[in-house]
Amino acid sequence: MSVVPLLVICSILVAGGFLVAFLWAVGRGQYDDLYTPATKMILDDRGTEQNDNNDNK
Amino acid sequence: MRRAAVDESKFSILEDNRMAQHQISWAQGSQVKAHFEIPSMHCASCIWLLDQLHKFDPGIISSDVDFLRKTVYVEFDATLTSLKSIALLLSSLGYEPLLNAERGDGSGVAPRRSAVRSLYMRIGVAGFAAGNIMMFSISQYLAGSGGLLPPLELLFNSLSILLSIPVLVYSASPWFTSAYSALSRRYINLDVPVALGISVLFVRSIVDITLGLGEGFLDSFAGLVLALLIGRLFHQKAFDAVSFDRTFRSFFPLSVRLESRGEQRIIPIDDVQTGDSILIRNGEIVPCDSVLISPAAYIDYSFVTGESTPVELLSGSVVHAGGKVVGKTARLTATAPASQSHLASLWERYGKHTERRSYTDLSDKFGARFTVIAVTIASIGFVAWLPDVGAALNVFTAVLIIACPCALTIATPVTLGTAMGALGRNKIFIKNTGTLLELSKSDTIVFDKTGTLTEPLNTITFTGRDLTEIEWSSIRGIASHSIHPVAQSIALGAPPAEVDSVYEEIGHGIEGRCNTHYVRLGTRQFVICDGEVDDSTHVSIDGEYVGSLTLHSRLRDGMHEMVDELQRVPSNRPLLTLVATGDSERDRPVLSALFGSHQMSFRLSPEDKVHSVEELQKLGRTVMMVGDGLNDAAAMGCANVSVAVTNDTSTLVPACDVVMPARLLHRLPAILRFAGRMITVIKVNLIFTIAYNMIGIALALVGLLTPVLTAIMMPVSSLVVVGLSVGGARLYSRRIQ
């Protein structure tokens with residue numbers, strides 16, 4: 001059973017790492033808008049003006 | 001891409017540094033980050049287009065769209081482009097930005113964003129702690145009578161306490177601040193019993209654990225705070241989507257075109273001095289009392305008087321502040337300095353707003369009673385268990401813990417959030433739960449006419465001999481050369497036509513040659529000269545009288561059904577429907593199919609509308625006002641609940657409780673029913689919470705409330721309440737469609 005404390009502390013550290021990652025993401029504005037980025041994904045990439053022109057030909 | 005014509009002057013105000021500061025969030029060197037709120041953003045293509053702003057203007061470095069908050073963030077190079085030209089670009093693409101200076105209070109997107117951020121962080125911390133503490137607690141619950149090994153128990157307990165401290169200090173802080181500020185103002189809101197429950201839960205757990213009396217309630221504590229925070233997130237999300245803080249200030253001009261020594265420049269309206277010569281263009285509002293210099297002008301005073309037919313003024317007449325110029329640009333001389341505050345006072349003098357009961361007040365009152373009752377029961381329990389002080393304290397704290405009205409605090413925002421989401425998908429936006437309550441209670445509905453019951457555009461009926469296609473186009477062609485509003489309605493949509501020798505006698509009529517026909521169009525006197533006077537517009541072609549044109553308002557589709565349907569909405573007493581309009585009686589025949597003659601009142605000024613709403617309220621009626629424009633704003637502010645209808649989402653609406661698209665007005669009965677049902681859902685939740693708490697309190701009083709039981713009871717009550725709310729709102733919202 002002596003391994004349990006070690007495992008518990010490890011698991012808390014790992015979970016704490018995820019918590020820090022989450023807080024960092026929120027702080028960087030990742031959770032500000034949960035709708036628009038999902039829509040942007042299906043739109044054409046930026047900087048593809050050339051492709052657009054080719055398509056129009 | 002087709003670009004719309006844009007009124008440049010509106011955004012000239014952005015050249016003013018003070019005004020520009022409202023839009024700019026960050027600036028360094030020539031690089032500037034700014035944001036624009038764009039009310040007309042509505043679909044994925046909008047995102048696509050607004051994401052590509054850099055293709056239209058090389059000065060724009062990048063643009064980023066936040067769809068839910070209807071905001072576009074733009075980063076640009078100030079040496080290559082300017083705020084004004086970006087605003088113009090957005091408008092020309094059909095996305096006219098709402099300038100922050102137009103808001104009354106200056107509350108913007110940024111504070112709302114940071115509120116959501118800190119909420120997410122609190123949820124993150126509480127969720128992390130709750131998950132881990134629960135693991136320790138479950139192992140303790142399952143350890144059986146022997147318990148865990150002492151070193152493990154010590155480790156688990158100390159870790160639990162360590163993890164719960166940030167939950168108390170950081171995650172739960174909103175309830176403590178709110179409860180503290182309420183108590184320091186000597187009053188109790190619903191957050192007081194919540195804060196009391198949370199702190200008792202924490203203190204009791206720490207005492208139990210350190211004295212070795214039991215496992216403590218730390219798992220329930222962290223889970224409770226997490227649930228409360230999630231309820232708050234629902235609430236925040238629902239409010240994020242639509243902002244109701246546009247006041248009538250949004251209708252006001254920010255700047256005016258000043259003419260001095262042959263030069264025109266744009267100045268903020270507060271800088272206008274007596275004697276200044278100002279130019280007011282079509283659709284702009286006269287910012288100050290002034291005298292007309294142009295030969296003639298049409299002024300629409302509907303914002304002030306409610307009458308939508310413009311009045312005709314000749315050179316030298318006095319023009320009052322608040323009038324809207326229709327047709328040709330008017331040149332005026334200011335006779336009084338203009339000011340935003342003067343304009344505001346035009347509407348604010350009847351700004352006595354009815355105190356509205358909001359659901360917050362109700363739940364706060366409930367919270368106060370709740371606290372008193374809970375503390376009383378807990379004290380009785382304490383006394384009953386004396387002289388065994390340990391057991392008495394145990395019972396006292398257990399009652400306070402289980403009595404915490406957390407399910408209730410979660411239920412309301414979740415019900416409201418789901419209801420608002422369901423309505424929002426139908427483009428109907430409601431302000432808060434109080435609105436639902438008032439909607440379900442209202443027994444009198446007052447409608448505005450123009451723009452609400454009727455279409456904003458007039459239809460024209462012609463009585464006389466049959467006209468050929470050519471003759472019609474001649475009439476339209478000539479009419480298009482007049483600035484008179486009636487002529488403008490006649491000419492609407494006419495293709496440009498070759499005309500010559502056009503002569504207009506202001507206020508009487510217009511004549512001219514078009515498509516080989518010579519057309520005279522105007523008043524009876526102008527066309528027939530038989531000495532009689534009427535309201536119609538008469539036409540003669542090549543000297544022959546052909547007939548008369550009359551303008552009619554047209555009812556929106558489904559209005560008959562709506563008025564009938566409203567009678568069938570379940571309510572305490574028969575629903576009374578009324579029409580209050582500032583217009584003359586010319587539309588009485590159109591409306592009499594829907595309303596009895598005693599239900600209609602005409603020629604009401606905004607002030608009269610307020611009076612009629614107040615009269616109804618004195619009779620004990622709950623009044624709902626449905627309107628669309630500034631002339632209804634005062635009455636809407638005074639009604640118990642106000643509904644603003646808009647023709648498109650980009651138009652500004654007066655301050656109100658409900659915003660809905662005009663084409664959905666016939667859905668009003670369904671919305672009233674929905675509101676009634678949502679109130680029922682909230683009441684069912686209330687009854688459930690009370691019953692559940694009674695059982696909990698009974699258990700606590702006999703000393704049976706163990707940590708395990710609490711850990712089960714608390715989430716179950718929250719889940720049931722949330723399930724009822726979401727289920728009810730989803731089920732009933734389907735019936736709106």
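Two strands count as paired here if DSSP finds at least two bridges between them, and helices (H or I, at least four residues) and strands (E, at least two) are DSSP runs numbered from the N terminus. This is a predicted model, with local features needing pLDDT of at least 70, side-chain atom pairs counting only at pLDDT 80 or more, and totals for chains, interfaces and linings using all residues. Residues are numbered from 1 along each chain as its sequence is written, chains are lettered from A and ligands numbered from 1 in the order in which they are written, and side-chain values use heavy atoms, leaving out hydrogens and water.

**View 1. A four-stranded antiparallel sheet in chain B.** The sheet is open, and its strands come in the order 1-2-4-3. Strand 1 (24-28) and strand 3 (60-66) sit at the edges, each pairing on one side only. From one strand to the next, the twist averages 15° (axes are lines fitted to C-alpha atoms, for helices over the stretch in contact, and angles run from 0 to 180 degrees between N-to-C directions). Zoom in on strand 2 (residues 31-37) and strand 4 (residues 71-77) of chain B: they run antiparallel, with 7 bridges joining them. One spot to pick out is K33(B), whose bridge partner in strand 4 is E75(B). As a general reminder, side chains in a regular strand alternate between the two faces of the sheet.

**View 2. Helix 4 of chain B lying across strands 1, 2, 3 and 4.** The helix covers residues 83-92 and runs at about 40° to strand 2 of chain B. Contact here means heavy atoms within 4.5 Å.

**View 3. A six-stranded open sheet in chain B.** The order is 6-5-7-13-8-11, with antiparallel pairing. Strand 6 and strand 11 (318-319) are the edge strands, each pairing on one side only. Strand 5 (residues 255-260) and strand 6 (residues 263-268) of chain B share 6 bridges. Along that pair, L258(B) stands opposite R265(B), and E259(B) has Q264(B) as its bridge partner. The hairpin leaves 2 residues between the strands, and R261(B) takes a positive phi near 50° there. Strand 5 also pairs with strand 7 (residues 277-280) of chain B, antiparallel over 3 bridges; R257(B) is matched with L279(B) in strand 7.

**View 4. The largest cavity, with about 90 Å³ of space.** A cavity is a set of points, on a 1 Å grid over the protein atoms alone, where a 1.4 Å probe fits but cannot get out; lining residues have an atom within 4 Å of a point. Grid points are joined across faces, edges and corners, and a volume is the space filled by probe spheres set on the points. The structure holds 3 cavities of 30 Å³ or more. Lining the largest one are residues including C406(B), Y692(B), N693(B) and M713(B). Helix 13 (406-425), helix 23 (668-701) and helix 24 (707-733) of chain B each give two or more residues to that lining.

**View 5. Helix 23 of chain B, end to end.** Its 34 residues reach 49 Å from first C-alpha to last, close to the 50 Å expected at 1.5 Å a residue (1.5 Å times one less than the number of residues). After the helix comes G703(B), with a positive phi near 80°.

**View 6. Backbone details in two loops of chain B.** The peptide bond from L386(B) to P387(B) is cis, with omega near 5°. P387(B) sits in the loop between helix 11 (359-385) and helix 12 (389-402). D542(B), in the loop between strand 20 (537-541) and strand 21 (544-555), has a positive phi of about 50° although it isn't a glycine.

Note on methods:
1 Å grid on protein atoms, 1.4 Å probe; cavity = no way out; pocket = protein on both sides within 12 Å on 5 of 7 lines; lining within 4 Å.
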